[in-house]
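Below are my comments on the model, set out as numbered points. Please read them with the structure open.

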Amino acid sequence: MTDAELKEQVVMALKGVYDPEIPVDVYELGLIYDIKIFPVNNVYILMTLTSPSCPSAGSIPGEIEQKVREIDGVNDVSVELTFDPPYTTEMMSEVAKLELGFM
């Protein structure tokens, strides 16, 4: 599997992770800042949360790691949480904005 194919599978896995308070997946919400594929299929994900005091802060990164680890061929997964830059609704995809009534 190429890095591009693996990255596509990672994105599909991320689209299966939801913030329990918002009916949109973390990828469409714009919570994923970066996805890198390193040698031997090691996956690095840089992400944020809607706010530093998000009640799901303890569960969302772990669920992301678990879903990505389930992809065939993934060797290791590292999820890093950051709040720089701070999350804004401008980071949402058009799909998310439509779903949540922002458009």
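Helices and strands here are DSSP runs, a helix having at least four residues (H or I) and a strand at least two (E), and each kind is numbered from the N terminus. The model is predicted.

1. Annotated region. The UniProt record, an unreviewed entry, places the annotation "domain: MIP18 family-like" on residues 7-80. Across residues 7-80, helix accounts for 30% of the chain and strand for 24%. The C-alpha atoms at the two ends of this stretch are 17 Å apart.

2. The sheet. Three strands make up an open sheet with mixed pairing, and their order is 1-2-3. Strand 1 (32-38) and strand 3 (76-81) are the edge strands, each pairing on one side only. On average, and with direction ignored, neighbouring strands of this sheet are turned by 15° against each other.

3. Strand 1 and strand 2. These two strands run antiparallel, and six bridges join strand 1 to strand 2 (residues 42-47). Within this pairing, Ile 35 stands opposite Ile 45 of strand 2.

4. Helices against the sheet. Helix 3 (residues 60-69) packs on the sheet and touches strand 1, strand 2 and strand 3. The direction of helix 3 makes about 155° with that of strand 3. Helix 1 (residues 3-14) lies across strand 1 and strand 2, and runs at about 140° to strand 1.

5. The loop between strand 1 and strand 2. Which backbone angles deserve a look at Val 40 and Asn 41? Val 40 sits in this loop and has a phi near 65°, a positive value in a residue other than glycine. Asn 41 is found in the loop between strand 1 and strand 2 too, and its phi is also positive, about 60°, although Asn 41 is not a glycine. Is Val 40 buried or exposed? Val 40 counts as exposed because its relative accessible area is 64%, and the cut-off for exposed is over 50%.

6. Ile 60. This residue lies in helix 3. Ile 60 has a relative accessible area of 0%, so Ile 60 is buried; the cut-off is under 20%. Leaving aside residues up to four places away in sequence, Ile 60 touches Val 17, Asp 19, Pro 20, Val 26, Met 47 and Leu 49. Thr 88 is 28 residues from Ile 60 in sequence, and their C-alpha atoms are 18 Å apart in space.

7. Glu 28. Helix 2 (residues 26-29) contains Glu 28. Is Glu 28 buried or exposed? Glu 28 counts as buried because its relative accessibility is 11%. Which side chains make polar contacts with that of Glu 28? The side chain of Lys 15 does so at 3.2 Å, and the side chain of Ser 93 does so at 2.3 Å. With residues up to four places away in sequence not counted, Glu 28 touches Lys 15, Met 92, Ser 93, Val 95 and Ala 96.

8. The peptide bond at Pro 85. The bond from Asp 84 to Pro 85 is cis, with omega near 5°. Pro 85 belongs to the loop between strand 3 and helix 4 (94-99).

Note on methods:
Residues numbered from 1 in each chain as written. Predicted model: local features only at pLDDT ≥ 70, side-chain atom pairs only at ≥ 80, totals over all residues. Heavy atoms only, no water. Pairing = 2+ DSSP bridges. Axes fitted to C-alpha atoms, helices over the stretch in contact; angles between N-to-C directions. Contact = heavy atoms within 4.5 Å. UniProt positions renumbered as here; feature names shortened; annotations may be inferred. Buried < 20%, exposed > 50% of the residue type's maximum accessible area, 1.4 Å probe, protein only. Polar contact = N/O pair within 3.5 Å; in protein donor to acceptor, adjacent residues only side chain to side chain.
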